[in-house]
Amino acid sequence: MAYNWINPQDYTMDTLLLFDRWIIRYLMNENNWYNHAGRDYKTDLAKALSRYPHVIAFCQRKAPECTNFISQLPSLLQAHVSAEEARLAEVSLLTAYETFIVYAYPEVMDQVNYIRNWNPQSLYSLVDLTDKIVLDVGAGTGRLAFAAADRARRVYASEPCDSLREYMRDRIKSSRIQNMKVLDGMATELPYEDSTFDVVMSGHVVGDSYDQEIAELTRITKSGGWIVCCNGDDEFKRTAPNKELLDRGFESFSHESMEGGIIYDYRKRVVKT
């Protein structure tokens, strides 16, 4: 799905030089999700990267486990690739990569509608953060974490993208926030001890592997604490809550966003015996 967060014409494959290893690994994969406008992913990647040998070298150094996949790409090109053909493939890929591109440019990410127009009251209405120890998983530019810092005793923002971690750290420093700390971590492998947090929250994170992700969030949440999925305010008019979350014991709450979308948020009380 294209969210139209960027104009792909403004970017080139050099953007991959800003990507973290886990993103390179995700993109340089035989089973990639890409099917933009019915195009073939590996062929388009071969065409686009034919003009960027330094990007190929970077990807191989950054994610050596992808070397075999990357080395197969030139063999897919049956003839010389024109500049026009290479650019067409490049733009198609960049359109599909828009989520990862905004990770590399936090100032752009902070202006996408689901962050820009989000109201922190959506979070506050889901859970009492007063004097709580809170973790924001996949924090991004810190939409949830900074809102929580206004009320919680301590907030940790876990984010696997280095550019986003540094962006949050700069804001913490410039705003002189004393109760927030930024760390690395994926939703399926978080660097925290069992039963550490009163509230574990995220937005647009849970969904790639529900059972594995929810199990990890549950592990680090105290018994009696809350797991909260508080999504941003976009324009999509959802007609029903996420069945996968409901089936796993989450409550759902809905509201209409400033963009006119119907937004569903979720929470679940953790009980450990």
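# Rings, contacts and a covered helix

Let's start with Tyr192, which counts as buried at 11% relative accessibility (buried is under 20% relative accessible area, exposed is over 50%, and partly exposed is in between, using a 1.4 Å probe and protein chains only). What you're looking at is a predicted model, where local features need pLDDT of at least 70 and side-chain atom pairs count only at pLDDT 80 or more, while totals for chains, interfaces and linings use all residues. Residues are numbered from 1 along each chain as its sequence is written, and side-chain values use heavy atoms, with hydrogens and water left out.

**Aromatic pairs around Tyr156**

- Searching the whole structure turns up ten aromatic pairs (ring centres of Phe, Tyr or Trp, using the six-membered ring of Trp, lie within 6.5 Å; planes under 30 degrees apart are stacked, over 60 edge-to-face, and the rest tilted).
- Take Tyr156 and Tyr192: their ring centres are 6.5 Å apart and their planes sit at 65°, so this pair is edge-to-face.
- Tyr156 belongs to strand β2 (residues 154-158), and Tyr192 to the loop between β3 (180-183) and β4 (197-202), so the pair ties together parts 36 residues apart in sequence. Helices (H or I, at least four residues) and strands (E, at least two) are DSSP runs, numbered from the N terminus.
- Is Tyr156 buried or exposed? Neither label quite fits: Tyr156 is partly exposed, with a relative accessible area of 22%.
- Tyr156 also pairs with Phe197, again edge-to-face, with 5.8 Å from centre to centre and 65° between the planes.
- Here the link runs from β2 to β4, as Phe197 lies in β4, so the pair ties together parts that are 41 residues apart in sequence.
- Phe197 is buried, at 1% relative accessibility.

**A cluster, and charges over rings**

- Which residues form one aromatic cluster? They are Phe19, Trp22, Tyr26, Phe100 and Tyr103.
- Tyr156 turns up again here: Arg154 lies over the face of its ring, 5.5 Å from the centre (NZ of Lys or CZ of Arg must be within 6 Å of the ring centre and within 35 degrees of the ring normal).
- Over at Phe146, the charged end of Arg171 sits over the ring, 3.8 Å from its centre.

**His54 and its partners**

- His54 is found in helix α3 (residues 53-62) and is partly exposed, at 40% relative accessibility.
- Setting aside neighbours within four places in sequence, His54 is in contact with Asp14 and Leu17 (contact means heavy atoms within 4.5 Å).
- With Asp14, there's a side-chain polar contact of 2.6 Å (a pair of N or O atoms within 3.5 Å; within protein, one must be able to donate a hydrogen and the other to accept it, and residues adjacent in sequence count only if both atoms are side-chain atoms).
- To get a feel for distance, compare His54 with Gly261: they are 207 residues apart in sequence, and 42 Å apart in space from C-alpha to C-alpha.

**Asn117 in its loop**

- Asn117 sits in the loop between α8 and α9 (121-124) and is buried, with a relative accessible area of 16%.
- Not counting residues up to four places away in sequence, Asn117 touches Asp233, Met258 and Glu259.
- The side chains of Asn117 and Glu259 are joined by a polar contact of 2.3 Å.

**Two positive phi angles**

- Most residues other than glycine have a negative phi.
- Ser195 has a phi near 55°, a positive value in a non-glycine residue. You'll find Ser195 in the loop between β3 and β4, partly exposed with a relative accessible area of 34%.
- His204 has a positive phi too, near 60°. His204 lies in the loop between β4 and α12 (210-220) and is partly exposed, with a relative accessible area of 41%.

**Helix α2 under cover**

- How many of the nine residues in helix α2 (residues 41-49) are buried? Eight are, which leaves this helix mostly covered.
- Among the buried residues of α2 are Tyr41, Lys42, Asp44 and Leu45.
- The cover over these buried residues includes α1 (21-27), α3, α4 (67-72) and α5 (83-96).
- At the N-terminal end of α2, Asp40 acts as a cap: one of its side-chain oxygens lies 3.5 Å from the backbone nitrogen of Lys42.
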